[in-house]
Amino acid sequence: MKCLVTGGNVKVLGKAVHSLSRIGDELYLEPLEDGLSLRTVNSSRSAYACFLFAPLFFQQYQAATPGQDLLRCKILMKTVEKCCISLNGRSSRLVVQLHCKFGVRKTHNLSFQDCESLQAVFDPASCPHMLRAPARVLGEAVLPFSPALAEVTLGIGRGRRVILRSYHEEEADSTAKAMVTEMCLGEEDFQQLQAQEGVAITFCLKEFRGLLSFAESANLNLSIHFDAPGRPAIFTIKDSLLDGHFV
């Protein structure tokens with residue numbers, strides 16, 4: 001079997017394997033005449049998932065060489081046991097070495113450019129409004145919003161309810177009405193809620209979802225610090241081993 005994946009399809013293939021790794025530890029790879037099949041099953045065999053990539057997905061696809069039978073195999077997806085990262089100034093290389101099971105080592109030598117220190121100037125303590133909740137709670141709250149939605153507004157309503165509402169810019173010459181999605185969370189859903197009724201901020205939903213995805217996977221709480229509209233909102237996650245800020 002031989003196949004060649006190029007362009008944006010490389011990312012698609014990577015995401016498919018990543019999603020399968022959340023279900024099982026082993027990847028069953030089977031080249032077929034109608035495409036490449038990737039399958040997995042969990043340890044108790046109660047959950048199964050499969051992707052079939054058609055030959056047109058690949059720039060080049062050959063299920064088997066002429067005269068040979070179709071082969072199939074399975075490999076461990078979660079094989080990396082240790083990752084070593086080193087920076088070599090002499091050769092201008094960032095070396096990433098993955099120590100995998102069965103003594104396998106994968107080394108990536110990446111070229112780099114010198115740069116200045118990248119540091120944003122912000123102070124969460126200077127923000128008068130702050131709320132903190134488990135990332136899982138906020139992740140469930142944004143699920144109903146369309147993936148195409150660019151921005152969402154977070155505000156404090158009556159009864160100290162936290163309201164997430166889809167944001168659309170109003171156009172004077174537009175007569176079409178956009179669909180509005182709104183989710184409400186009670187004060188009891190938050191570990192800390194320090195904000196006045198009526199305050200609101202609008203921020204990018206795509207970046208917020210990316211942060212939530214990471215925080216949920218690590219079972220972390222997410223804090224949102226904000227001031228008046230137009231001022232930066234600061235999203236923070238923290239535990240004993242990790243400290244993250246998104247501005």
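A residue is termed buried when its relative accessible area is under 20%. In this predicted model, His129 meets that criterion, because its relative accessible area is 9%. His129 is located in strand S10, which comprises residues 129–134. Setting aside residues up to four places away in sequence, the contacts of His129 are Gln194, Ala195, Gln196, Val199, Ile224, His225, Phe226 and Asp227.

One of these partners, Val199, leads to the next site. Val199 belongs to the loop that joins strand S14 (192–194) to strand S15 (200–204). With a relative accessible area of 17%, Val199 is likewise buried, since the limit is 20%. Beyond residues up to four places away in sequence, Val199 touches His129, Leu154, Gly155, Ile156 and Phe226. Phe226 is thus listed among the contacts of Val199 and also among those of His129. A separation of 8.6 Å lies between the C-alpha atoms of Val199 and Pro229, which are 30 residues apart along the chain.

The account now turns to helix H2. Six of the eight residues of H2 are buried, so this helix is largely enclosed by the rest of the structure. The buried residues are Ala135, Val137, Leu138, Gly139, Ala141 and Val142. They pack against S10, strand S12 (162–167), strand S13 (182–185), H3 and strand S16 (221–226).

The packing of H2 on H3 can be described further. Two packed helices are described by the angle between their axes and the distance between the axes. For helix H2 (residues 135–142) and helix H3 (residues 205–217), the angle is about 140° and the axes are 9 Å apart. H2 is therefore oblique to H3, because only angles over 145 degrees count as roughly antiparallel. The crossing of H2 past H3 is left-handed. On the H2 side, the contact is made by Ala135, Arg136, Leu138, Gly139 and Val142, and on the H3 side by Leu205, Phe208, Arg209, Leu212, Ala215 and Glu216. Sorted by class, the residues in the contact of H2 with H3 are seven nonpolar, one polar and three charged.

Three further loop positions remain to be considered. Ala63 occupies the loop between strand S5 (60–62) and strand S6 (73–76), and its relative accessibility of 7% places Ala63 in the buried class. Apart from neighbours within four places in sequence, Ala63 is in contact with Met1, Pro31, Leu32, Glu33 and Leu70. The C-alpha atoms of Ala63 and Asp34 are separated by 8.7 Å, although these residues are 29 residues apart along the chain.

Asn42 is found in the loop that connects strand S3 (35–41) with strand S4 (48–53). At 16% relative accessibility, Asn42 also counts as buried. A polar atom of the Asn42 side chain lies 2.8 Å from the backbone nitrogen of Arg45. Outside its neighbours within four places in sequence, Asn42 is in contact with Ile23, Gly24 and Ala47.

Phe112, in the loop between strand S9 (105–111) and S10, is partly exposed, because its relative accessibility is 28% and that class runs from 20% to 50%. Leaving out neighbours within four places in sequence, the contacts of Phe112 are Leu87, Asn88, Ser92, Arg93 and Leu94. Phe112 and Arg22, 90 residues apart in sequence, are 32 Å apart in space from C-alpha to C-alpha.

Terms used
Residues are numbered from 1 along each chain as its sequence is written. This is a predicted model: local features need pLDDT of at least 70, side-chain atom pairs count only at pLDDT 80 or more; totals for chains, interfaces and linings use all residues. Side-chain values use heavy atoms; hydrogens and water are left out. Helices (H or I, at least four residues) and strands (E, at least two) are DSSP runs, numbered from the N terminus. Buried means under 20% relative accessible area, exposed over 50%, partly exposed in between (1.4 Å probe, protein chains only). A polar contact is a pair of N or O atoms within 3.5 Å; within protein, one must be able to donate a hydrogen and the other to accept it, and residues adjacent in sequence count only if both atoms are side-chain atoms. Contact means heavy atoms within 4.5 Å. Axes are lines fitted to C-alpha atoms, for helices over the stretch in contact, and angles run from 0 to 180 degrees between N-to-C directions. Angles under 35 degrees count as roughly parallel, over 145 as roughly antiparallel, 65 to 115 as roughly perpendicular and the rest as oblique. A crossing is left-handed if the near helix is turned anticlockwise from the far one by less than a right angle, and right-handed if clockwise. Ala, Val, Leu, Ile, Met, Phe, Trp, Tyr, Cys and Pro count as nonpolar, Asp, Glu, Lys and Arg as charged, and the others, Gly among them, as polar.
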